[in-house]
Amino acid sequence: KSVTGKWSLVVFVACALSFFIYVPDFSHYVANDYIRGAYHDFSALNYYFINVFQLDKLAAFDDKAISTIFTTNTGYMVMRFIAFSYTYHYLNWFSKTSIIKWHEVEKKYLIVTLLLWIAAIGIYRYDYQTGLKFLFFLSFLHVFLEFPLNCKTIIDLGKEMKNFRLARN
C-alpha cells in the first residue's frame with residue numbers, strides 16, 4: 001500500500017515489458033551445440049511461451065521450433081524474459097528476509113539446504129546437463145510446494161483490489 005511499493009510494481013512491470021518492447025538485433029549471436037544440448041530439455045518452456053503469446057507460429061515442437069528458439073530475435077526475447085523472471089524470483093527472496101525469517105530457521109533445515117546446494121554444485125561439476133535436471137527438479141518442487149502461498153497471495157490481492165475499488169467509489 002506504500003508509495004514505494006506501488007513504484008516497485010511499476011518498475012517490475014516496466015522491466016518485464018522491456019524485453020518485448022526493446023529487441024536488439026541478435027542475428028550475430030550463435031548458440032553453440034553445447035548450449036543447445038544443455039538447454040534442450042528446457043526449450044519446451046520457450047516453445048510454449050512463444051505459442052501461447054503468439055510471438056511466432058510454431059506448429060510443432062520440432063527442429064524448426066528449436067531453431068526459432070536459438071536463432072531468432074523472438075527466441076532471444078523470450079530467453080531474456082525467462083532469465084529475468086528466474087533471476088527476479090530468486091533475488092526477491094533476499095528482500096523478504098524479515099518475512100521468511102531465515103535467521104530463525106532450525107539448524108537441521110539449514111544444514112539440509114546447504115547440503116542440497118553443495119550437491120547441486122557437485123552434480124553440475126560432474127555433468128552440467130545432469131546438474132541442470134537436478135535443479136529443474138528442485139525448482140519444480142519449489143513451485144509445487146509454494147502453491148498454498150500463491151493461493152493465499154491471490155486471495156489477498158483480490159481482497160485488496162476489492163477494497164481499493166470500494167475506497168475509490
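Is Asp 156 buried, partly exposed or exposed? Keep that in mind while we look at how far to trust the picture: this is a predicted model. The mean pLDDT of the protein is 83, with 99% of its residues reaching 70 or more. Among the elements, helix H7 (residues 107–126) has the highest mean pLDDT, at 90, while helix H6 (residues 97–100) has the lowest, at 71. As a rule of thumb, predicted coordinates should not be read in detail where pLDDT is low.

Back to Asp 156, then. Asp 156 is partly exposed, because its relative accessible area is 30%, and the partly exposed class lies between under 20% (buried) and over 50% (exposed). Its partner is Lys 152: the two form a salt bridge, and their closest N and O atoms are 2.9 Å apart. Lys 152 is partly exposed too, with a relative accessible area of 48%. Why are these two separated by about one helical turn? Lys 152 and Asp 156 are four residues apart in helix H8, so about one helical turn lies between them. In general, side chains of opposite charge can pair when their charged atoms come close.

The count of salt bridges comes to two. Besides the Lys 152 pair, the side chains of Lys 108 and Glu 106 meet in a salt bridge, at 3.9 Å from N to O. Glu 106 is another partly exposed residue, as its relative accessible area is 45%.

Now stay with helix H8 (residues 128–168), where you'll also find Phe 140. Is Phe 140 buried or exposed? Phe 140 counts as exposed, because its relative accessibility is 54%. Phe 140 is also part of a nonpolar surface patch of about 820 Å². Joining it there are Phe 136, Phe 137, Leu 141, Val 143, Phe 144, Leu 145 and Phe 147.

Next, jump back along the chain to helix H4 (residues 63–71), whose buried residues are Ala 65, Ile 66, Thr 68, Ile 69 and Phe 70. What do they pack against? The buried residues of H4 pack against three helices: H2 (33–39), H3 (43–52) and H5 (73–95). At the N-terminal end of H4, Asp 62 acts as the cap, with a side-chain oxygen 3.2 Å from the backbone nitrogen of Lys 64.

The loop between H3 and H4 is worth a stop as well. Gln 54 is found in this loop, and although Gln 54 is not a glycine, it has a positive phi of about 50°. Gln 54 is exposed, with a relative accessible area of 69%. Lys 57 lies in the loop between H3 and H4 too, and Lys 57 is exposed at 72% relative accessible area. From C-alpha to C-alpha, Lys 57 is 9.7 Å from Thr 68 in space, with the two 11 residues apart in sequence. Thr 68, remember, is one of the buried residues of H4.

Finally, look at Thr 74 in helix H5. Thr 74 counts as buried, because its relative accessibility is 16%. Which residues does Thr 74 touch, leaving out those up to four places away in sequence? They are Ile 50, Leu 55 and Asp 56. Of these, Ile 50 is 24 residues from Thr 74 in sequence, yet the two are 7.8 Å apart in space, C-alpha to C-alpha.

How values were computed. Residues numbered from 1 in each chain as written. Predicted model: local features only at pLDDT ≥ 70, side-chain atom pairs only at ≥ 80, totals over all residues. Heavy atoms only, no water. Patch = residues over 30% accessible without salt bridge, like charges linked within 9 Å, V, L, I, M, F, W, Y side chains within 5 Å. Areas by Shrake-Rupley, 256 points an atom, 1.4 Å probe, with all protein chains shown as cover. Salt bridge = Lys/Arg side-chain N within 4 Å of Asp/Glu carboxyl O. Buried < 20%, exposed > 50% of the residue type's maximum accessible area, 1.4 Å probe, protein only. Contact = heavy atoms within 4.5 Å. Polar contact = N/O pair within 3.5 Å; in protein donor to acceptor, adjacent residues only side chain to side chain. pLDDT = per-residue confidence, 0-100.
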